[in-house]
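The exercises that follow are meant to be worked with the sequence and the coordinates open side by side. Each task is followed by a solution that goes step by step.

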Amino acid sequence: MNLLIQNGTIITMHNKKIIRESAIAIENQAIIDVGKTQVLKQKYGRSYEKIDAKGKMIIPGLINTHQHAAMSLLRGYADDLPLKEWLEKWIWPIEQHMTAHDIYVGALLTAIESIMGGTTTVKTMYHYTLEQNEAKAFADAGLRGVIGHVCFSWRKKEDEKALRDLAENWHNKADGLIRVSVDPHAPYTVAPEYMKELHEMRRELSNRYGSKEAPITSHIHAAETRDEVEKIEHAFKIKLKEGIMAYLDSLGVLDEHVAAAHCVALTNKDIKVMKKRKVKASHNPISNLKLASGISPVLKMLRAGVTVSLGTDSPCSNNSADMFEVMKVAAILHKAVNKNPAIMPAEQILKMATIEGAKTLSWEREIGSVEVGKKADLAIINLQKPHLCPLYNETSHIVYSVKASDVETVIINGRIVMENRKLTTLNVEKAMSMVEQAKNNLLNKLNANVK
Ligand SMILES: [Zn+2]
């Protein structure tokens, strides 16, 4: 389909350019032209479906670099608990009863919520199941994603089977919407030897199914809490000389296609290692605050030249998939912590939620900005709202004032997936009733097990 979005203000996230009274021409999946409406109207007349963006702004779709999409199914099931108790007493016991269908349904809900909030790419880490899975949910919703299978030392055989199936069936599939990743859960749940094996497996799978432009990447929780070094030492009877990143580097598993989520308890040496190995960080401020994990030294990472992007984390530790909330919290949190209102300005935050997110997923050639040749992943925001009036500065509004519900239309891979807040790919009510049903089934199984 050919599309012409016209009369809007385009926040390109490329060379700091904001262009008004402008248009974007889209052919098939890609942006083929960006410029003044009058000019583009003449060039791309009749055969183009038109979207009028008068009084609206067009931004690159937001990129959420850390999610566990299926966990929407458990949103609000357990809150206000310490991480260890939350996981061991609440989340892990109920997850044991989750079926492949439950994973699909949970991920479908996250995909819907993401699209409705202007997020066009989501990196998710969860249990991959062969029959139904997060990849299928994202593809059905029309959402772009990097689907990872989470690996643990205690289930190496199952992990290998899942990873091979995931890479073969989903990498660069669904019109290029879906890519995959090999995801060691964390340095304290994946033994050093297994960490190395997974690194090798990722390289092998990427050589076979990926390419230089579309590599199979890796994603890991790292330095989420202060006691992580102790947890590693205790689990594997080893002694760490320095921090988490230095430890992972000593295993030879860090490179430019590794993204680390959280990065709260980092040493200065860790940050140097990240810069040297080009490891990217996914900052999840709302999850870190809710679970009282601590505050990531984002400013230090940025000053050291580390790529930092933003993520929501799971819908049970956030408890939403709203990247506008994450942007605002990231901006104001670090100002307060550093006692400096001038740091983390809106422009920088928006970069973290778009182009830096694309870099974090090794996908920056195709997404993260409005540029000719890139995939058309766009969110159109209606500015005609009391809380967005008056307008002095678009970027300020995006970070501090826009709500997810202000996103009106979303285009992913050149396809309109939401128009005037109505999804074109799925029936939202039906998906929500599938979620309620899955929740009831889960609780029944859990209760039957308790008795
Ligand atoms: Zn996580």
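**Exercise 1. Backbone angles in two loops**

Does Asp313 count as buried or exposed? Place the residue, examine its phi, and then treat Lys278 in the same manner.

Solution. The model is a predicted one. Begin with the location: Asp313 lies in the loop between strand E13 (308-310) and helix H12 (323-337). Its relative accessibility is 4%, and because buried means under 20%, Asp313 counts as buried. Turning to the backbone, the phi of Asp313 is near 70°, a positive value in a residue other than glycine. Lys278 is found in the loop between helix H9 (268-277) and strand E12 (280-283), and its phi, near 60°, is likewise positive although the residue is not glycine. Its relative accessibility is 52%, so Lys278 counts as exposed. As background to this exercise, most residues other than glycine have a negative phi.

**Exercise 2. Cis peptide bonds**

Identify the partners of the cis peptide bonds involving Asn319 and Pro390, and state where these two residues are placed.

Solution. Take Asn319 to start with: a cis peptide bond joins Asn318 to Asn319, with omega at about 0°, and Asn319 sits in the loop between E13 and H12. Then take Pro390, which is joined to Cys389 by a cis peptide bond whose omega is about -5°. The loop that holds Pro390 runs between strand E14 (378-382) and helix H15 (394-400).

**Exercise 3. The packing of H5 and H6**

Describe how helix H5 (residues 156-170) and helix H6 (residues 192-209) are arranged, and classify the residues of their contact.

Solution. Start from the axes, which come within 10 Å and cross at roughly 20°. Since angles under 35 degrees count as roughly parallel, H5 is roughly parallel to H6. The handedness comes next: H5 passes H6 in a right-handed crossing. The contact itself brings Lys156, Asp159, Glu160, Leu163, Arg164, Ala167 and Glu168 of H5 against Tyr194, Glu197, Leu198, Met201, Glu204, Leu205, Arg208 and Tyr209 of H6. Sorted by class, the residues of this contact are seven nonpolar, no polar and eight charged.

**Exercise 4. Surroundings of three residues**

Work out the accessibility and the contacts of Tyr209, His185 and Leu446, leaving aside neighbours up to four places away in sequence when listing contacts.

Solution. Tyr209, which belongs to helix H6, has a relative accessibility of 25% and therefore counts as partly exposed. Beyond its sequence neighbours, Tyr209 is in contact with Ala167, Glu168, His171 and Ile216, while a polar contact of 3.5 Å links its side chain to that of Arg208. The C-alpha atoms of Tyr209 and Val180, which are 29 residues apart along the chain, are separated by 10.0 Å.

His185 has its place in the loop between strand E9 (178-184) and H6, and at 10% relative accessibility it counts as buried. Its side chain makes a polar contact of 2.7 Å with the side chain of Thr189, and its contacts farther along the sequence are Met125, Val150, Cys151, Phe152, Val190, Ile220 and His221.

Leu446, in helix H16 (residues 428-450), is buried with a relative accessible area of 16%. It is in contact with Tyr77, Pro93, Ile94 and His97 once its sequence neighbours are set aside. As a final step, compare C-alpha positions: those of Leu446 and Asn207, 239 residues apart along the chain, are separated by 42 Å.

Methods
Residues are numbered from 1 along each chain as its sequence is written. This is a predicted model: local features need pLDDT of at least 70, side-chain atom pairs count only at pLDDT 80 or more; totals for chains, interfaces and linings use all residues. Side-chain values use heavy atoms; hydrogens and water are left out. Axes are lines fitted to C-alpha atoms, for helices over the stretch in contact, and angles run from 0 to 180 degrees between N-to-C directions. Helices (H or I, at least four residues) and strands (E, at least two) are DSSP runs, numbered from the N terminus. Angles under 35 degrees count as roughly parallel, over 145 as roughly antiparallel, 65 to 115 as roughly perpendicular and the rest as oblique. A crossing is left-handed if the near helix is turned anticlockwise from the far one by less than a right angle, and right-handed if clockwise. Contact means heavy atoms within 4.5 Å. Ala, Val, Leu, Ile, Met, Phe, Trp, Tyr, Cys and Pro count as nonpolar, Asp, Glu, Lys and Arg as charged, and the others, Gly among them, as polar. Buried means under 20% relative accessible area, exposed over 50%, partly exposed in between (1.4 Å probe, protein chains only). A polar contact is a pair of N or O atoms within 3.5 Å; within protein, one must be able to donate a hydrogen and the other to accept it, and residues adjacent in sequence count only if both atoms are side-chain atoms.
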